[in-house]
Each structure stands twice: as C-alpha cells, then as structure tokens.
Amino acid sequence: MEVPFARPRFRGDEGEAVSATIASGWVSQGPRVREFEQAFAERVGAPEAVATTNCTTALQLALYATGVGPGDEVIVPSLSFIATANAVWQCGATPVFADVDPRTYNLDPVAAERAVTSRTKAIMPVHQLGLPADMDRFFEVAARHGLALVEDAACAIGATYRSRPIGSLGPLACFSFHPRKVITTGEGGMIAVHDPDVAERLRRLRQHAMDVSDLARHSANDIVVESYPERGWNARMTDMQAALGLCQLELLDEVRADRRRLAERYTAALGQISALEPPYEPDYAERTWQSYAVKLRRGVPVTRTELQRRLLRDGIATRRGVTAIHAERAYSDRGFLLPHTDACARDAMLLPLFPDLSDEQQDYVIERLATHLSAAVAA
Ligand SMILES: *Cc1c(COP(=O)(O)O)cnc(C)c1O
C-alpha cells in the first residue's frame with residue numbers, strides 16, 4: 001500500500017471555473033481576486049482581505065505596512081517554517097528568536113516578552129501546524145511594550161481561538177494557499193486586515209504602489225493617469241488562482257471536519273503505542289490539523305530518521321517535524337539558546353494526514369508504526 005504524505009482535495013469542477021476565467025479574457029488580478037478576497041474576509045471574520053502571491057509576501061507586506069524596516073527587531077519563534085524569519089529579513093529587519101511552549105509548538109508569550117529590546121518593533125506569533133497561539137496573552141505583551149502584532153496564520157485557515165476565527169482577532173493575519181496547507185490555490189496568500197486604510201495601502205503596495213488598480217482603470221470612461229506615491233512590489237494573485245480559491249473555500253468546512261475525524265482516529269490508536277506522544281490538545285482553540293505531529297519519546301531505541309526510513313520502505317511518506325530556524329545555516333550565526341525548540345525539532349515527526357486519507361491507509365500507518373516501535377523496544 002502507498003500512503004502519500006499530503007494531497008489537496010478537489011471536487012472536480014475546479015477546471016471549469018478556471019476555464020471560465022480564461023474565457024473571460026481577464027487572467028491577472030481582477031474581478032475574481034476581488035470576489036475571493038470578499039468571500040475570504042467574510043469567512044474569517046475580518047473587515048477586509050488582501051490577496052497576494054503567497055504567504056511569505058503577505059507576511060513581508062504586512063510587516064512593512066506596520067512600519068518594520070532596517071534596524072528593527074521582530075520577535076518570532078525559531079520553531080517554524082523558515083519563511084517566518086525570511087519575511088522579517090525581506091523587510092531589512094532582524095528576526096529575534098524566542099522559545100516555544102513544547103506542548104503546543106507555539107511561541108511562548110513569556111519567552112517573547114523576555115526577548116523585547118529597545119529595537120523591537122513587532123511580535124509575530126505563528127499558529128503552528130494550524131493550532132492557534134495564545135493570542136490574548138500576546139495582545140497583552142504587545143500593549144505593554146507598544147509593539148505591533150502580525151500573525152503568521154499560514155496553516156490556520158478555519159482555526160478558532162476562544163471560539164473566534166483566526167483572522168478576526170488581530171490587525172493583520174497572513175494565510176497560505178500552498179498545497180501543503182488547509183486549502184489551496186497552487187500558490188497564494190491572503191492578509192486579513194482590520195483597518196480599511198491599511199487594506200488600501202496593502203492593495204497599492206502589492207502592485208508596485210500604483211495608485212489605481214487595473215480594474216479601476218479598465219472600468220473608467222476617461223483616461224486615467226496613474227502615479228506612484230511610494231515604492232512597492234509585485235505580489236499579485238491571478239484571477240485563475242482566485243477562481244480555484246473560491247471553489248476551495250466552499251470545501252473548507254468538510255475539509256476541516258475530515259481532518260479532525262482522522263486526527264481523532266490517530267490519537268485514539270496511538271494511545272496503544274507508548275513510544276509515541278500524541279499531540280497536546282489545549283482547551284482554548286480549535287485547530288485545523290494541517291499536520292499531525294507525534295513526538296518520539298526519549299529512550300526509544302530507534303532514531304526518528306530510522307523510523308521514517310522503515311516507514312518509507314513500507315510505502316508510507318512522513319516528514320520530520322517543524323524545523324528550528326536558528327539551527328539552519330541561514331540563521332545559525334547568532335547563538336540563540338532555545339532548549340524547547342531544539343527538543344521539538346529533534347523528536348517530532350509528521351504522519352500522513354489529508355482529507356482523502358482512507359481509513360485503510362490510516363490503519364496501515366498505525367499498524368506499521370506499532371510493528372516498528374515494538375520491534376525496537378523488544379530489541
Ligand atoms: C507554509 C508556511 C509559510 C509560507 O507560506 P507560502 O505560501 O509557501 O509562502 C509561512 N509560515 C508558515 C508557518 C508556514 O507553514
């Protein structure tokens with residue numbers, strides 16, 4: 001049996017929606033992107049949403065619009081995908097890594113507050129693997145030190161924090177539509193924005209900071225001469241991607257429900273495998289189960305890589321857990337001491353989880369895990 005690691009769900013009518021967009025003649029950022037932004041904003045409870053090429057550009061633009069620039073520090077978790085730190089660097093600022101809560105893999109508000117200096121401009125918590133960070137405590141820390149908050153919500157489309165959807169809480173939350181995330185547009189990002197003036201500025205910044213949109217110019221009945229009041233980027237989503245995104249948004253609830261059901265099935269079964277620690281379930285959040293992470297308990301006589309290798313031979317794809325960015329060469333020059341981050345990066349492993357994973361496939365994963373781990377324990 002072959003069990004892939006992840007695969008997006010499609011309904012079958014996406015090709016038609018994309019073809020219709022192509023037939024309309026408008027393929028770059030236009031009416032479909034506008035429609036997708038409005039539907040997304042409504043879904044996550046934000047007044048506005050601004051589409052971008054991906055979540056990394058979304059984070060960079062959100063930080064930039066917040067005023068982050070050269071000389072500034074932004075506090076981020078090291079336990080994250082490297083894009084979290086790269087977005088800070090792309091603004092000319094310095095990412096400062098703080099440790100995580102080892103149970104949730106999320107930035108620890110106490111550690112984040114300890115990392116505040118006179119140069120700190122913002123804190124960027126990550127809702128890691130789709131589990132919301134403890135946002136109320138981050139709002140307190142940010143208010144106490146006069147800092148901005150930008151959420152890296154790449155994996156958190158559809159997650160809720162104290163019953164409120166991620167996107168409805170803070171001034172700026174950035175989401176990803178990469179196929180490894182909850183729903184996809186191939187590549188794509190979205191910024192949920194609360195201040196309409198900031199949303200307007202972000203819409204300009206993503207198209208070279210031009211003060212008229214293509215859509216506005218197209219529908220004008222006189223000559224429109226654009227101007228460029230500041231410098232910007234090209235971070236436009238295409239209308240073809242937005243057409244796909246509108247289809248995916250309609251699947252979000254069932255994708256979430258299927259992911260949750262499969263995650264609960266894993267957790268129930270893993271109770272029988274003492275070498276593995278199932279994910280911690282805080283009572284304040286409903287996560288997306290973008291990934292299902294288990295920890296290999298200390299003292300188990302098989303390394304994570306060896307376990308992954310044996311599973312791969314069985315046809316089962318897994319991934320190491322979330323990376324520690326400060327241990328990667330790109331960011332290893334500043335000697336951060338982050339013991340919880342190191343331990344999580346060392347011991348965690350992601351199991352296959354996607355909405356169309358069949359019960360048979362999942363049972364096979366569980367059976368192979370049990371076999372390899374009991375053989376390791378017996379040896
Ligand atoms: C995937 C991911 C990103 C980057 O998203 P892209 O859309 O691929 O740019 C950023 N942060 C986190 C936590 C992610 O998981």
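Aspartate D134 counts as buried, with a relative accessibility of 14%, where buried means under 20% relative accessible area, exposed over 50% and partly exposed in between (1.4 Å probe, protein chains only). The structure is a predicted model, in which local features need pLDDT of at least 70 and side-chain atom pairs count only at pLDDT 80 or more, while totals for chains, interfaces and linings use all residues. Residues are numbered from 1 along each chain as its sequence is written, and side-chain values use heavy atoms, with hydrogens and water left out.

D134 makes a good starting point for a look at charged pairs. This residue forms a salt bridge with R137, and the closest N and O atoms are 3.8 Å apart; the term stands for a side-chain nitrogen of Lys or Arg within 4 Å of a carboxyl oxygen of Asp or Glu. The partner, R137, is partly exposed at 36% relative accessibility. Across the whole structure, the search finds 34 salt bridges.

Another of these pairs is formed by R265 and D359, whose closest N and O atoms are 3.9 Å apart. Distant parts of the chain are linked by this pair: R265 belongs to helix α9 (residues 239-270) and D359 to helix α12 (residues 359-378), with the two positions 94 residues apart in the numbering. Helices here are DSSP runs (H or I, at least four residues), as are strands (E, at least two), and both are numbered from the N terminus. R265 has a relative accessibility of 24% and so counts as partly exposed; D359, with a relative accessible area of 26%, is partly exposed too.

A salt bridge can also sit inside one helix, as with E306 and R309, whose side chains meet at 2.9 Å, N to O. Both residues lie in helix α10 (residues 304-313), three residues apart, which is about one turn of the helix. R309 is partly exposed, at 42% relative accessibility. Salt bridges may join up as well: R34, E37, E48, E200, R203 and R206 are linked in a network.

The next stop is a loop. A275 lies in the loop between α9 and β13 (276-277), and at 5% relative accessibility A275 counts as buried. What is A275 in contact with, leaving aside its neighbours within four places in sequence? The residues are K295, L296, R297, V300 and L373, contact meaning heavy atoms within 4.5 Å. For A275 and R297, the C-alpha atoms are 5.4 Å apart in space, although the residues are 22 apart in sequence.

The structure also holds a ligand. Of the 14 residues around the ligand (each with a heavy atom within 4 Å of it), C55, T56, D152, S176 and K181 come nearest. Three side chains make polar contacts, meaning pairs of N or O atoms within 3.5 Å; within protein, one atom must be able to donate a hydrogen and the other to accept it, and residues adjacent in sequence count only if both atoms are side-chain atoms. An N or O atom in the side chain of T56 is 2.5 Å from an oxygen atom of the ligand, a polar side-chain atom of S176 lies 2.7 Å from a ligand oxygen, and for the side chain of K181 the distance to a ligand oxygen is 2.8 Å.

Finally, four strands form an open sheet in the order β3-β2-β6-β7, with parallel pairing; two strands pair if DSSP finds at least two bridges between them. β3 (94-98) and β7 (148-149) stand at the edges with a single partner strand each, so one side of each is left without a neighbour in the sheet.
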